[in-house]
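Subject: Handing over the structure

Hello,

Here is the structure I promised to pass on to you, with my notes on what turned up in it. Please open the model and follow along as you read.

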Amino acid sequence: QVQVVESGGGLVQAGGSLRLSCAASGSIFRVNAMGWHRQAPGQQRELVAGITSRGNTNYADSVKGRFTISRDNAKNTVYLQMNSLKPEDTAVYYCNAAVVTTRYSYANDYWGQGTQVTVSS
């Protein structure tokens with residue numbers, strides 16, 4: 001089994017910063033890509049940022065220049081540093097990890113339970 005657990009959400013004023021963390025644990029042979037998604041009330045879930053095992057990153061246009069994704073491969077952990085937060089960043093943030101559980105298996109996507117980020121104006 002694989003577990004993905006996020007932490008670091010909370011309430012912050014507009015212009016402030018938060019750092020989210022997400023750790024994958026359990027029966028892991030290798031973690032490929034990891035990413036952060038978010039879902040606001042009444043909205044579809046959207047990709048915020050992604051990072052490959054080699055450190056290549058991609059971002060949604062709405063967060064470029066404000067958010068930074070990084071990872072620690074030794075800890076199977078991904079981070080999302082969020083600066084200059086805006087009220088429209090308010091959402092539940094979900095982490096996902098593409099995990100290979102054995103040498104001979106393909107990667108499967110595992111998701112965390114989500115962490116709430118609320119930005120007040």
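Trp-36 is buried, with a relative accessible area of 0%. In this predicted model, the residue sits in strand β4, which covers residues 30–39. A good way to get your bearings is to find Trp-36 and then look for Cys-95: the two are 59 residues apart along the chain, yet their C-alpha atoms are separated by 4.6 Å.

Cys-95 brings us to the disulfide. How many disulfides does a search of the whole structure find? The search gives 1. Its partners are Cys-22 and Cys-95, with an S to S distance of 2.0 Å. This pair ties together distant parts of the chain, since Cys-22 belongs to strand β3 (residues 18–26) and Cys-95 to strand β9 (residues 91–100), 73 residues apart. Is the disulfide left-handed or right-handed? The torsion about the S-S bond of Cys-22 and Cys-95 is about -75°, so the disulfide is left-handed. Both ends are hidden from the surface: Cys-22 is buried, and Cys-95 is buried too.

Stepping back to the whole chain, you will see 11 strands and 0 helices. Read from the N terminus, the elements go β-β-β-β-β-β-β-β-β-β-β. The radius of gyration is 14 Å, close to the 14 Å that the globule rule gives for 121 residues, so the chain is as compact as a globular protein of that length. If you turn the C-alpha trace along its principal axes, it spans about 50 × 25 × 25 Å.

A few more totals for the chain may help:

- Of its 121 residues, 39% count as buried.
- Among contacts with a separation of 6 or more, 56% come from residues 24 or more positions apart.
- The chain exposes about 6,600 Å², and carbon and sulfur atoms supply 46% of that area.
- There are 11 positive and 7 negative charges, and the mean positions of the two sets are 8 Å apart.

Now back to strand β3, where two more residues are worth a look. Ser-21 lies in this strand. Its relative accessible area is 18%, and the cut-off for buried is under 20%, so Ser-21 counts as buried. Leaving aside residues up to four places away in sequence, Ser-21 touches Val-5, Glu-6, Ser-7, Trp-36, Val-78 and Tyr-79. You will recognise Trp-36 in that list, the residue with 0% relative accessible area.

Leu-18 is found in strand β3 as well. Is Leu-18 buried or exposed? At 15% relative accessibility, Leu-18 counts as buried. Outside the residues up to four places away in sequence, its contacts are Gly-8, Gly-10, Val-12, Leu-80, Gln-81, Met-82, Leu-85 and Val-117. One of these is Leu-85, which stands 67 residues from Leu-18 in sequence and 8.2 Å from it in space, C-alpha to C-alpha.

Towards the other end of the chain, please look at Gln-116. This residue is found in strand β11, residues 115–120. With a relative accessible area of 40%, Gln-116 is partly exposed. Which residues does Gln-116 touch, not counting those up to four places away in sequence? They are Gly-9, Gly-10, Thr-90, Ala-91 and Val-92. Gln-116 and Thr-90 are 26 residues apart in sequence, and their C-alpha atoms are 7.8 Å apart in space. Gly-10 is a residue you have already met, as one of the contacts of Leu-18.

Last, two loop residues that are easy to pass over. Most residues other than glycine have a negative phi. Asn-76 has a positive one, near 50°. You can find Asn-76 in the loop between β7 (67–72) and β8 (77–82). Ser-84 also has a positive phi, near 50°. Its place is the loop between β8 and β9. As for the surface, Ser-84 is partly exposed, with a relative accessible area of 42%.

If you want a short route through the model, start at Trp-36 in strand β4, go on to the disulfide between Cys-22 and Cys-95, and finish at Ser-84 in the loop between β8 and β9.

Happy exploring, and best wishes

Note on methods. Residues numbered from 1 in each chain as written. Predicted model: local features only at pLDDT ≥ 70, side-chain atom pairs only at ≥ 80, totals over all residues. Heavy atoms only, no water. Disulfide = S-S within 2.5 Å. Helix = DSSP H or I, 4+ residues; strand = E, 2+ residues; numbered from the N terminus. Buried < 20%, exposed > 50% of the residue type's maximum accessible area, 1.4 Å probe, protein only. Rg over C-alpha atoms; globule rule 2.2 N^0.38 Å. Contact = heavy atoms within 4.5 Å. Areas by Shrake-Rupley, 256 points an atom, 1.4 Å probe, with all protein chains shown as cover. Lys, Arg positive; Asp, Glu negative; His and termini not counted. Charge placed at Lys NZ, Arg CZ, Asp CG, Glu CD.
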